[in-house]
Amino acid sequence: IPHPTKVVNARTCQDLEILSLFEKDTKQCTRYEIFGTLCGCPRSDVYEEDCFKLEHLQNETYYFGAGGSVYSVSFGDDGYFAQIQSNGDLFMIGLFNGFDNNTVAMYGGGAPCGLYGPRSGSVSIIEDVLTPESNGPSKSPKITNVIEPSVCVYQAELKVPKLCDNDVLLDQSKVDS
């Protein structure tokens, strides 16, 4: 495990690795795959092409751990944005509604949130560029931040390798007008 002392969903990555070794319920495999990603284990979707196409996001799910929650984001016809809390509660932030421009995916119609109506969110697609504090741009997409700027409205950032010029969106027909 690259980061054994990192806390994910109220446990250290080392503890999660040990728990996974003794897990007998095959339905938990996906759960430990998510934790592995959050603990720094490499993803299998490394792109060696000269540029990244947004179509590569189709049928992939990306995860981010923050505090006692794990956020899950996917794109396309069955895409969703969800929050799983450490107590097991799942909140659907929203279903994929398309892109409002070339780099922001929109999610709406999420779980009810009292007087605030249904939850909703957006995911900004950002090119990962070389910075002095980084070891270079990532070769695979990664959620780097999730915030709740207002009650039940969520924003995430998904860093991707250098985008191809004139990239075509996954499904422009679903863009809200």
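## Two cysteines, one sheet and two cores

Cys113 and Cys152 are both buried. The model they belong to is predicted.

Me: Hello! Which residues does the disulfide join?
Reply: Good place to start, as the structure holds one disulfide. A disulfide is a covalent bond between the sulfur atoms of two cysteines. Here the S to S distance is 1.7 Å, and the two residues joined are Cys113 and Cys152.

Me: How many residues apart in sequence are the parts that this pair ties together?
Reply: Let's place each cysteine. Cys113 sits in the loop between strand 7 (104-109) and strand 8 (120-127), while Cys152 sits in the loop between strand 9 and strand 10. The pair therefore ties together parts whose separation in sequence is 39 residues.

Me: What is the handedness of the link of Cys113 and Cys152?
Reply: Look along the S-S bond for this one. The angle about that bond is 45 degrees. That makes the link of Cys113 and Cys152 right-handed.

Me: Is Cys152 buried or exposed?
Reply: Cys152 is in the loop between strand 9 (142-150) and strand 10 (153-160). Its phi is near 65 degrees, a positive value in a residue other than glycine. The relative accessibility of Cys152 is 5%, and buried means under 20%, so Cys152 counts as buried.

Me: And Asn59, is that residue buried or exposed?
Reply: Asn59 also has a phi near 65 degrees, positive although the residue is not glycine. You can find Asn59 in the loop between helix 2 (29-38) and strand 3 (61-66). Its relative accessibility is 70%, and the cut-off is over 50%, so Asn59 counts as exposed.

Me: Let's step back. How many helices and strands does the protein chain have?
Reply: Try reading the elements from the N terminus on. They run β-β-α-α-β-β-β-β-β-β-β-β. Counting by kind, the protein chain has two helices and 10 strands.

Me: Which strands stand at the edges of the open sheet?
Reply: This open sheet has eight strands in the order 3-4-5-6-7-8-10-9, with mixed pairing. A strand at the edge has a single partner strand, so one of its sides is left without a neighbour in the sheet. The strands at the edges are strand 3 and strand 9.

Me: By how many degrees are neighbouring strands of this sheet turned against each other on average?
Reply: Picture the strands of this sheet side by side, and compare each with its neighbour. Direction is ignored here, and the average turn is 25 degrees.

Me: How many residues lie between strand 5 and strand 6 in their hairpin?
Reply: Strand 5 (residues 80-85) and strand 6 run antiparallel and are joined by five bridges. One bridge pairs Ile84 with Leu90 in strand 6. In the turn, Gly88 has a positive phi of about 95 degrees, and the number of residues between the strands is four.

Me: Which residue is the bridge partner of Phe96 in strand 7?
Reply: Strand 6 (residues 90-101) and strand 7 run antiparallel, with six bridges joining them. They form a hairpin with two residues between them. In strand 7, Gly109 is the partner of Gly94, and the partner of Phe96 is Tyr107.

Me: Which residue in strand 10 does Ile143 stand opposite?
Reply: Strand 9 and strand 10 pair over six bridges. Their sense is antiparallel. Opposite Ile143, in strand 10, stands Leu158.

Me: Which element gives the largest share of the largest nonpolar core?
Reply: That core has 23 residues, and those touching the most other members are Leu57, Phe75, Phe81, Tyr107, Val123, Ile125 and Leu158. Several strands give two or more residues to this core, including strand 3, strand 7 and strand 8. The largest share is four residues, and the element giving it is strand 10.

Me: How many residues are in the other core?
Reply: This core lies apart from the largest one. Among its members are Cys13, Phe35, Leu38 and Tyr63. Its number of residues is eight.

Me: Last one! What percentage of the residues of the protein chain count as buried?
Reply: A residue needs under 20% relative accessible area to count as buried. The protein chain has 177 residues, and the share that count as buried is 36%.

Conventions: Residues numbered from 1 in each chain as written. Predicted model: local features only at pLDDT ≥ 70, side-chain atom pairs only at ≥ 80, totals over all residues. Heavy atoms only, no water. Buried < 20%, exposed > 50% of the residue type's maximum accessible area, 1.4 Å probe, protein only. Disulfide = S-S within 2.5 Å. Pairing = 2+ DSSP bridges. Axes fitted to C-alpha atoms, helices over the stretch in contact; angles between N-to-C directions. Core = buried A, V, L, I, M, F, W, Y, C linked by side-chain atoms within 4.5 Å.
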